[in-house]
2 protein chains.
Amino acid sequence: MDMSPFQIPPFQNASDVFFKALQEHAHSQKYKKGKILFVHEDRANFFYVIQTGWVKLFRETIDGTQSIVDILPAGHLFGETALFTQNLSPYSAEVIEPGIIISIPLKILKKEVESNNKLALDMLASMTRYRHQQDREIEHRTIQNAPQRIGCFLLRLTDQNKSGPAIIHLPYDKTLVAARLGMQPETFSRALAKLKEKTGIRIKGATVELNNLDQLSQYSCAACSSEFPCKDLQAAK
Amino acid sequence: MDMSPFQIPPFQNASDVFFKALQEHAHSQKYKKGKILFVHEDRANFFYVIQTGWVKLFRETIDGTQSIVDILPAGHLFGETALFTQNLSPYSAEVIEPGIIISIPLKILKKEVESNNKLALDMLASMTRYRHQQDREIEHRTIQNAPQRIGCFLLRLTDQNKSGPAIIHLPYDKTLVAARLGMQPETFSRALAKLKEKTGIRIKGATVELNNLDQLSQYSCAACSSEFPCKDLQAAK
DNA sequence: TCTTCTAATTGACTTTGGTCAAGGAGGAAT
DNA sequence: ATTCCTCCTTGACCAAAGTCAATTAGAAGA
């Protein structure tokens, strides 16, 4: 099995024993769009690493209203927090862009994290990053309006240090981007039009073109406590 | 120095060396309402434990708009994530209800967490709890309306397993509760009135009386993906 | 007790986003 | 090409929350 996906945080410092266990017990599989990997409050025996594709983490109320916990690209892992919650899944997970996902028994991770303090520290660092990301998310929901949130979302999809024109592709359906940003599809559609009018971006389907990031960042980052460019994106690399 | 505040998560498993270092370097002090402990993006050399009182963690934009990261009661620690962010404070901290706060050099914690795997695991568990709390926060901001959010807030202040009448005291100013819940003071005021009308609670200043939790939980928890009573509150104890 | 200041409420109005319903655009399969 | 289906957009309307301004209630101090 290809081990390259494990060159990602937080597994740089995992032991050979861990990687050997992976070779034996990790299971890599291709999934179609729409595949539900597990549901909220299921017993969790695995955690997952996304090799390609996108995964949506979400929960829903009795009446079916969904709330998106996160939408993750390749290179991310999820479900690992079940280690610390009596093996109960804190959310449901669905594949939204087809891809290959590796499932790994939590037991392996548990053993490793209990014996390898380096890994534990790396996980702490990665949890900290996630925590701050959520802090920012909550902040943006309260102080940014819909067009600003979209602008911020776009800016975070591109290399913020490049100057000059840029082309940004939406990584998944607009409906989902809307949900990810906590708004209705109709609102998203109208807000995108407003963003276009305010910042001069050009939109064609799932593609957004802009002459430079300045107009966009000025418009969106005015309602953010951090400066542009976003420091956390640098740190992630 | 009284060590009782350190019988809290995540320090149950810290070493004697750690506690000895605390005795030497931890500093306990009484602060007035309004005292700023540190500012967003300051260099962080300490983390803090609240012995009594309440602390607000927040950030603000250039134009002064504040967003509340969290409001913490006695028994909680904060500022510890700076360990993993090049010692930069991820938020500002202000005392909002006077009390005693212990400041501890991050170095001590760093040393301990790097050498004591048990502590690292406990911190991971506590980070996980926090992460899920934030997940819930984001969820509530999107699917609960203002009166429901207040109801949920109240329910989380009281023992959810007791039946019969209950009295709940707001732990800090209404203006702050409003900010904590991501709404304007005016909205809070009106939403509280609506909650009263819908659930029959009785409000007198900062005191809320109710005959039982049923009406309130039915009203608020309808727009939540978790069941009443809230499991995470149990787990925290 | 009286004054002063801040917190909280209330009213009138505006803005934003949500809801419901109807089309339209684009891709995949036939 | 044609059909079908899903995603997206648009319009008309509504509901929720924000804003601005005026008042009131309550707590702290003189």
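**Exercise 1.** Is T142(B) buried, partly exposed or exposed?

*Solution.* The model is predicted; local features need pLDDT of at least 70, side-chain atom pairs count only at pLDDT 80 or more, and totals for chains, interfaces and linings use all residues. Residues are numbered from 1 along each chain as its sequence is written, chains are lettered from A and ligands numbered from 1 in the order in which they are written, and side-chain values use heavy atoms, with hydrogens and water left out.

Step 1. Buried means under 20% relative accessible area, exposed over 50%, and partly exposed in between (1.4 Å probe, protein chains only).
Step 2. The relative accessible area of T142(B) is 33%, so T142(B) is partly exposed.

**Exercise 2.** Place T142(B) in its surroundings.

*Solution.*
Step 1. T142(B) belongs to helix α3 of chain B, residues 117-143. Helices (H or I, at least four residues) and strands (E, at least two) are DSSP runs, numbered from the N terminus.
Step 2. Leaving aside residues up to four places away in sequence, T142(B) touches S67(A), R141(A) and G182(A); contact means heavy atoms within 4.5 Å.
Step 3. Within chain B, the side chain of T142(B) reaches the backbone oxygen of I138(B) at 3.0 Å. This is a polar contact: a pair of N or O atoms within 3.5 Å, where within protein one must be able to donate a hydrogen and the other to accept it, and residues adjacent in sequence count only if both atoms are side-chain atoms.

**Exercise 3.** Work out how chains A and B are related.

*Solution.*
Step 1. Copies are superposed by least squares on the C-alpha atoms of residues with pLDDT of at least 70 in both.
Step 2. Chain B falls on chain A after a rotation of 180 degrees with 0.0 Å of shift along the axis, RMSD 0.0 Å. That is the relation of a two-fold axis.
Step 3. In chain B, N117(B) comes closest to the rotation axis, its C-alpha at 2.7 Å.
Step 4. The copies meet through the same surface, because 100% of the interface residues of chain B are also interface residues in chain A.

**Exercise 4.** Describe the protein surface near DNA strand D.

*Solution.*
Step 1. Near means that a heavy atom of the residue lies within 4 Å of the strand. There are 14 residues around DNA strand D, and K174(A), T175(A), A146(B), T187(B) and R190(B) come nearest. Sugar and phosphate make up 67% of the strand's atoms within 4 Å of the protein.
Step 2. A phosphate oxygen is 2.6 Å from a side-chain N or O atom of T187(B).
Step 3. Base nitrogens of DNA strand D lie 3.0 Å from a polar side-chain atom of R190(A) and 3.2 Å from one of E186(B).
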